[in-house]
Amino acid sequence: MSKIKIGVFVGSLRRASFSRSIAKAAAALAPAELEMSFVEIGGLPMFNQDFDDDGTTPEAWVRFRKEVAGLDGFLFVTPEYNRSMPAVLKNALDIASRPYGKNLWDGKPGGIISVSPGGLGGFGANHQLRQPLTFLNVPLLQQPEAYIGNVADLLDEKGGLKNESTRSFLKKYMEAFARWVGVVSGSR
Ligand code: FNR
């Protein structure tokens, strides 16, 4: 049976991003039926409807839209910026939601893991992200919720997981995510 293609979208472009480290750890713990691939969003020009209207759609948008269209589901791993999601992630959502009537996120399952060096675990970003994803018709895994707080204490200097409890939580999360992807995909 062919694998289910899941795109991983990281809301940080920082070289030493904690979020990317957590995303890599989560992807590595995904059940075998999921094929996890990272979708790079840092080089996407800022959304401007004129590009599509004028027939000057940036090549990077074309490639990105094609990539999103080829996925079966989405895992978003994001830090919190000013109690919200980083602009780079919102930009990616907007680009693949347009032109009007061509929402490429539509009906495919998603999961969200928020990450922070602070104690609140990026709760604000996690829930802000749920708002556009609800409108874009991405059915989201509800439980377990994943707010990874105090992340600097959980990773070693190479970005690897330091303790078994984080590993076990991410594994459980990815198993629940895979079940959710199965439920949503089966009903499409
Ligand atoms: C932050 N940071 C942050 N952290 C948090 O928990 N809540 C917040 O609202 C904010 N706001 C915020 C705004 C901006 C503009 C920056 C640059 C940072 C801190 C943030 O969590 C920290 O820099 C993380 O390390 C960013 O994630 P990555 O890059 O390590 O994945």
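This is a short chat about a sheet, a helix and one buried residue in a predicted model.

Reader: Start with the sheet. How many strands, and in what order?
Author: The open sheet has 5 strands. Their order is E2-E1-E3-E4-E5, with parallel pairing.

Reader: Which strands are at the edges?
Author: Strand E2 (34-38) and strand E5 (147-148). Each pairs on one side only.

Reader: And E1 and E3, over how many bridges do they pair?
Author: They pair over 5 bridges, in the parallel sense.

Reader: What stands opposite Val-10?
Author: Val-77, in E3.

Reader: New topic. Which residues of helix H4 are buried?
Author: H4 covers residues 87-95. Its buried residues are Val-88, Leu-89, Asn-91, Ala-92, Leu-93 and Ile-95.

Reader: What do they pack against?
Author: Two strands and two helices. The strands are E1 (4-10) and E3 (73-79). The helices are H3 (59-69) and H5 (123-135).

Reader: Now Asp-52. Where is it found?
Author: Asp-52 is in helix H2, residues 49-53.

Reader: Is Asp-52 buried or exposed?
Author: Buried. Its relative accessible area is 17%, and the cut-off for buried is under 20%, so Asp-52 counts as buried.

Reader: Which side chains make polar contacts with the Asp-52 side chain?
Author: The side chain of Thr-57 makes one, at 2.8 Å. The side chain of Arg-65 makes one too, also at 2.8 Å.

Reader: What else does Asp-52 touch?
Author: Leaving out residues up to four places away in sequence, Asp-52 touches Trp-61, Arg-98 and Pro-99, along with Thr-57 and Arg-65.

Note on methods
Residues are numbered from 1 along each chain as its sequence is written. This is a predicted model: local features need pLDDT of at least 70, side-chain atom pairs count only at pLDDT 80 or more; totals for chains, interfaces and linings use all residues. Side-chain values use heavy atoms; hydrogens and water are left out. Buried means under 20% relative accessible area, exposed over 50%, partly exposed in between (1.4 Å probe, protein chains only). Helices (H or I, at least four residues) and strands (E, at least two) are DSSP runs, numbered from the N terminus. Contact means heavy atoms within 4.5 Å. Two strands pair if DSSP finds at least two bridges between them. A polar contact is a pair of N or O atoms within 3.5 Å; within protein, one must be able to donate a hydrogen and the other to accept it, and residues adjacent in sequence count only if both atoms are side-chain atoms.
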